[in-house]
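Welcome! Please open the sequence and the 3D view side by side, and keep both in sight as you read this short briefing.

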Amino acid sequence: KFRGSIANSYKSIYAVQASRSHLDLDHDMGTGQFVEKNELKYSFDAAFAAESAAEMQFRNVRNNPHLKALLLESVSQDSQQEEITHISHRVEERVLFCIGSDSPVKKTMIEVSRHPFFDFIVYASIIAGSFILLTTPPHEDIPNNQAWVSYSLRMQLEWIFTGVFTFEFLCRVLSDGFLFTKHAYMHDPWNRIDLLVLGFAWIDLMQVLEGTKFAKVMRVARGLKPLRMVKRLRGLRVLIDALFLTLLPVAYVVFFLCCIMFVFAIVGMGMFANKMYKCTDVVFAAYPRGKLDCTNFYSTDVGVLMPRSWVRPEHHFDSIQSAFLTLVRVSTIKYVAVLYDIQDITETDQSPQREFSTGYSLFMVLYLIVGA
């Protein structure tokens, strides 16, 4: 190793010589002064062609004091680096601050967690638990909707499955650490989801929140159990990670759509606000009649006496909120009723007339092209 350090140091010396014809001064280690240097008589490539670099360095150290100083500094730095590396290797990670790498507990947990049969039990528990969750009715007293597995057997299986998942959690923690080790359990986001599902399962089994308003939340949390399978299927995990990575570009698209909807909502309010009203008695208050004529009572087709009223449809542009909701409805291709009502607009407080304002349909067509 010392010979290698000499060779590396000598390379740096000849790198300087490549840019200058020769070094002007040498450092005399005895007097501490710079003296005229003995010019090196051969090049670096020629020396390597004749003999090994290490032998060449040993022969020239005595004649070149500046090379000797450089070699001593290089060896000193290498020694310091070795000492730091040695100390870092001596500091071992301890799981839960008390279990070292030579602990039989840790070795046993590593062997168990890496055994194929252990993974098979975990997979079987996930699949069986998801099947039971799928076939369980929302309530036990619903007629003609009995569960495939009885309640008592289902509870026993839930205890078994939760115990398997808890044992798996302990194996992972005791083998890799929980939080402060390099490969800690909590460093993986999927492990955090797994731990969250496990916590919900224990709260549900122990019935800690039974009889409270949070009990329904715990029952809904059962639907997170199949997420354990995602953690173990690498392909599905990569797919979901990719979906999460697309959330930011999708957010940009949604923001752009909201800007377009805001513009069209403002324009729609200016064009159609308070103009989409009509009377419940369409025949009596037909155009050119309007709000002033929509009074008294009228008889329906089945002979029921009803009061006339001046009403507007569910979709309208009288406020920014309603305009947004109307445009959302149009964006989902449910625009026919909105398009008809817009084309029938006449004047404020006057009844609509069929295809009275067909030019307003251009507003809807333009929004369908740009926004929907």
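The second largest cavity in this predicted model has a volume of about 60 Å³. Its lining divides into five nonpolar residues, no polar ones and five charged ones. Let's begin there and then work through the rest of the protein.

**The second largest cavity**

- The residues that line the second largest cavity are Phe165, Glu168, Phe169, Arg172, Tyr185, Asp194, Leu195, Leu198, Arg228 and Lys231.
- Three elements give two or more residues each to this lining: α7, α8 (189-206) and α10 (227-232).
- Which element provides the largest share of this lining? That is α7, with four residues.

**The largest cavity, and the total**

- A search of the whole structure turns up four cavities of 30 Å³ or more.
- The largest cavity has a volume of about 70 Å³.
- Around the largest cavity you will find Ser125, Ile126, Gly129, Ser130, Glu158, Phe161, Thr162, Phe165, Ala201, Lys225 and Arg228.
- Helices α6 and α7 each contribute at least two residues to the lining of the largest cavity.
- Sorted by class, the lining of the largest cavity holds four nonpolar, four polar and three charged residues.
- Look out for Phe165 and Arg228: they line the largest cavity, and they also line the second largest cavity.

**Two nonpolar cores**

- In soluble globular proteins, nonpolar side chains tend to be buried together.
- Here, the largest nonpolar core has 18 residues, and those with the most contacts inside it are Val122, Ile126, Phe165, Phe169 and Tyr185.
- At least two residues of this core come from each of α6 (116-135) and α7 (151-176).
- How many residues does α7 give to this core? It gives seven, the most of any element.
- Valine 122 is in contact with Val164, Phe165, Glu168 and Arg232, leaving aside its neighbours within four places in sequence.
- There is also a second, separate core of 17 residues, including Phe264, Ile345, Phe363 and Tyr367.
- Phe165 deserves another look, as a residue with many links in your view: it is among the residues with the most contacts inside the largest core, and it touches Val122.

**Threonine 326: a residue tucked inside a helix**

- Threonine 326 sits in helix α13, which covers residues 320-331.
- Is threonine 326 buried or exposed? Its relative accessible area is 2%, so it counts as buried, the cut-off for buried being under 20%.
- The side chain of threonine 326 reaches the backbone oxygen of histidine 316, at 3.0 Å.
- Not counting residues up to four places away in sequence, threonine 326 touches His315, His316, Phe317 and Val338.

**Tryptophan 310 and its neighbours**

- Tryptophan 310 belongs to strand β6, residues 310-311.
- With a relative accessible area of 16%, tryptophan 310 is buried, because buried means under 20%.
- Beyond its neighbours within four places in sequence, tryptophan 310 is in contact with Tyr277, Lys278, Cys279, Gly290, Lys291, Cys294, Asp349, Gln350 and Ser351.
- Tryptophan 310 and leucine 292 are 18 residues apart in sequence, and their C-alpha atoms are 9.2 Å apart in space.

**Backbone details in the loops**

- A cis peptide bond joins tyrosine 287 and proline 288, with omega about 15 degrees.
- Proline 288 lies in the loop between β3 (278-279) and β4 (297-299).
- Asparagine 296 is also placed in the loop between β3 and β4.
- Asparagine 296 has a positive phi of about 65 degrees, although it is not a glycine.
- The relative accessibility of asparagine 296 is 58%, so this residue counts as exposed, for which the value must be over 50%.
- Glutamate 355 is another residue other than glycine with a positive phi, near 55 degrees.
- You can find glutamate 355 in the loop between α14 (336-343) and α15 (361-370).

**The whole protein**

- The protein has 15 helices and six strands.
- Of its 372 residues, 31% count as buried.
- Among contacts between residues at least 6 apart in sequence, 61% join residues at least 24 apart.

Key: Residues numbered from 1 in each chain as written. Predicted model: local features only at pLDDT ≥ 70, side-chain atom pairs only at ≥ 80, totals over all residues. Heavy atoms only, no water. Buried < 20%, exposed > 50% of the residue type's maximum accessible area, 1.4 Å probe, protein only. Polar contact = N/O pair within 3.5 Å; in protein donor to acceptor, adjacent residues only side chain to side chain. Contact = heavy atoms within 4.5 Å. Core = buried A, V, L, I, M, F, W, Y, C linked by side-chain atoms within 4.5 Å. 1 Å grid on protein atoms, 1.4 Å probe; cavity = no way out; pocket = protein on both sides within 12 Å on 5 of 7 lines; lining within 4 Å. Points joined across faces, edges and corners; volume = space filled by probe spheres on them. Nonpolar A, V, L, I, M, F, W, Y, C, P; charged D, E, K, R; others polar.
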